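Biologist: Got a minute to walk me through this one?

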Amino acid sequence: MSKIRGQHFRLFVDSAAVPEETNVSITLSGNTEDTSSKDTEGLYAKEDVVSTAWSAQVDSYQAEPSQLRAILTTFNAAAPVAVGWDQTAGSQNRVAQNANFKRSGQALLNDFSMQFDDRTAVNVSLQFQGTGALS
């Protein structure tokens, strides 16, 4: 059985791949609520999903000043941007043809950090919080 590898998975912001990305993390979560009642049998609580959320986090080396300016502009705009992810073409031979990881939606850039180490490219971490459903 073939396995997808991390290097075959990319994050896209406004249809452009994040340049020089080193790590990508996608989180999907369901918020639950206890819906137990007098009619519920047993000792265990009955939980139902009442809402869902998603987020994406990416780390990259952003050496170009224009890339840093674009990130700052997106952060300051405080408006949703298109965020998506997919496997890259290099993984097509390794992953079953029916595997489809491509998803996208609108998200806010809610966390942005830069690390400026001596004699190395700038390390940037971006956190996007989804503002609606994934498609």
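Modeller: Sure, let's go from the overall fold to a few local spots. Keep in mind that this is a predicted model.

Biologist: What does the secondary structure of the protein chain come to?

Modeller: The protein chain has seven strands and one helix. Reading from the N terminus, the order is β-β-β-β-α-β-β-β.

Biologist: And among contacts between residues at least 6 apart in sequence, what share joins residues at least 24 apart?

Modeller: That share is 63% in the protein chain.

Biologist: How much of the chain is buried?

Modeller: Of the 135 residues in the protein chain, 25% are buried. The accessible surface is about 9,200 Å², and carbon and sulfur atoms account for 49% of that.

Biologist: Let's switch to S60. Which strand is it in?

Modeller: S60 lies in strand β4, which covers residues 47-61.

Biologist: Is S60 buried or exposed?

Modeller: S60 counts as buried because its relative accessible area is 1%, and the cut-off for buried is under 20%.

Biologist: Which residues is S60 in contact with, leaving aside neighbours within four places in sequence?

Modeller: S60 is in contact with V18, P19, E20, E21 and T22, and also with V122, N123 and V124.

Biologist: Now the helix. What span should α1 have, and what do its end C-alpha atoms give?

Modeller: Helix α1 runs over residues 65-77, so its 13 residues at 1.5 Å each should span 18 Å. The end C-alpha atoms are 18 Å apart, which agrees.

Biologist: What follows α1?

Modeller: A78 does, and its phi is positive, near 50 degrees.

Conventions: Residues numbered from 1 in each chain as written. Predicted model: local features only at pLDDT ≥ 70, side-chain atom pairs only at ≥ 80, totals over all residues. Heavy atoms only, no water. Helix = DSSP H or I, 4+ residues; strand = E, 2+ residues; numbered from the N terminus. Buried < 20%, exposed > 50% of the residue type's maximum accessible area, 1.4 Å probe, protein only. Contact = heavy atoms within 4.5 Å. Areas by Shrake-Rupley, 256 points an atom, 1.4 Å probe, with all protein chains shown as cover. Expected span 1.5 Å × (residues − 1).
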